[in-house]
Amino acid sequence: MEPSILLSNIRSLRGGLNQSELRNLNERLLLSMIQRYSEIPRSELAKISGLSPQTASVIIRKLETEGLLMPGKPTKGKVGKPSTPMTLNPDGVFSIGLKIGRRNTELILMDFVGKIRNRKLIKYPYPLPHEIFQFMETNMDALISVLGPAERDRILGIGVALPHDLWRWHELLGAAPEKFQAWQKFDFQAEIRRITDLKTSFVNDATAACRA
């Protein structure tokens, strides 16, 4: 979500939230702003977010302690001390993406700033569930092997992008209808839980591409 939209939503919600909920929303707002602007001084974060400098500073220190933020290179202004912007720590959070396509499936490991750290790919004439999830199961360990033990603990979840109603794509892809019927009643959640206990979310592939 764009920081401006998130800020508007938070301003409308702040009065009805308890302290814990408000703190979580404010943390999300600051992280979204830093993600949007790549790096931004603490004072500017407070100004744009509408938070008091003290509140923004407390949240930033907490996020820095948790390893989600890190200081950037100090920049010298016209007057006063150099300003130190805050930026996302690339190693702060990792996520796994599984993109199920019509001609290939891609399994990726991405860091907090959106850089792909590792990628696995399988190609096929048309997608079949048993083949795709066997590929995922076989390659999960190799995918995250580029991370150390502490970094692996920072993998938050898996995002799965796939076309809606895959079982209807047989004609376009030149496959027999019965081959695609396996998709109609396929239990994605159960199959992924068999492979990993990471939290999983699903989204249409076109929607995922637009968000990206």
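Helices and strands are taken here as DSSP runs, of at least four residues for a helix and at least two for a strand, numbered from the N terminus. The exercises below concern a predicted model.

**Exercise 1. The largest pocket**

Determine which helices and strands each supply at least two residues of the lining of the largest pocket, and describe how that lining divides into nonpolar, polar and charged residues.

*Solution.* Start with the space itself, which comes to about 1,600 Å³ in the largest pocket. The lining consists of 35 residues, and those closest to the centre of the pocket are Gln35, Ser95, Met110, Arg211 and Ala212. Next, assign the lining to elements: helix H2 (19-37), strand S4 (94-100), strand S7 (155-162), strand S8 (199-204) and helix H10 (205-211) each supply at least two residues, and S5 does so as well. Finally, sort the lining by residue class, which gives 19 nonpolar, nine polar and seven charged residues.

**Exercise 2. The loops at Ser38 and Gly114**

Locate Ser38 and Gly114 in the chain, and decide for Ser38 and for Gly114 whether the residue is buried, partly exposed or exposed.

*Solution.* Ser38 belongs to the loop that joins helix H2 (19-37) to strand S1 (39-41), and its phi is near 75°, a positive value in a residue other than glycine. Its relative accessibility is 48%, and therefore Ser38 counts as partly exposed, since that class lies between 20% and 50%. Gly114, in turn, is found in the loop between strand S5 (104-110) and strand S6 (116-123), and because its relative accessible area is 39%, Gly114 is also partly exposed. As a last step, relate Gly114 to Gln35: the two are 79 residues apart along the chain, while their C-alpha atoms are separated by 9.6 Å.

**Exercise 3. Aromatic rings**

Classify the ring pair of Trp183 and Phe188 and that of Phe186 and Phe188 as stacked or edge-to-face.

*Solution.* A pair of aromatic rings is described by the distance of the centres and the angle of the planes. The model holds seven aromatic pairs. For Trp183 and Phe188 the centres are 5.7 Å apart and the planes meet at 20°, so this pair is stacked, the limit for stacking being under 30 degrees. For Phe186 and Phe188 the centres are 5.0 Å apart and the planes stand at 80°, so this pair is edge-to-face, the limit being over 60 degrees. Phe188, with a relative accessibility of 17%, counts as buried, and Trp183 is buried too. Extending the analysis, ring pairs link Phe133, Trp183, Phe186, Phe188 and Phe202 into a cluster.

Note on methods. Residues are numbered from 1 along each chain as its sequence is written. This is a predicted model: local features need pLDDT of at least 70, side-chain atom pairs count only at pLDDT 80 or more; totals for chains, interfaces and linings use all residues. Side-chain values use heavy atoms; hydrogens and water are left out. Buried means under 20% relative accessible area, exposed over 50%, partly exposed in between (1.4 Å probe, protein chains only). On a 1 Å grid over the protein atoms alone, a cavity is a set of points where a 1.4 Å probe fits but cannot get out, and a pocket is an open set with protein on both sides within 12 Å along at least five of seven lines; lining residues have an atom within 4 Å of a point. Grid points are joined across faces, edges and corners, and a volume is the space filled by probe spheres set on the points. Ala, Val, Leu, Ile, Met, Phe, Trp, Tyr, Cys and Pro count as nonpolar, Asp, Glu, Lys and Arg as charged, and the others, Gly among them, as polar. Rings of Phe, Tyr and Trp (its six-membered ring) pair if their centres lie within 6.5 Å; planes under 30 degrees apart count as stacked, over 60 as edge-to-face and the rest as tilted.
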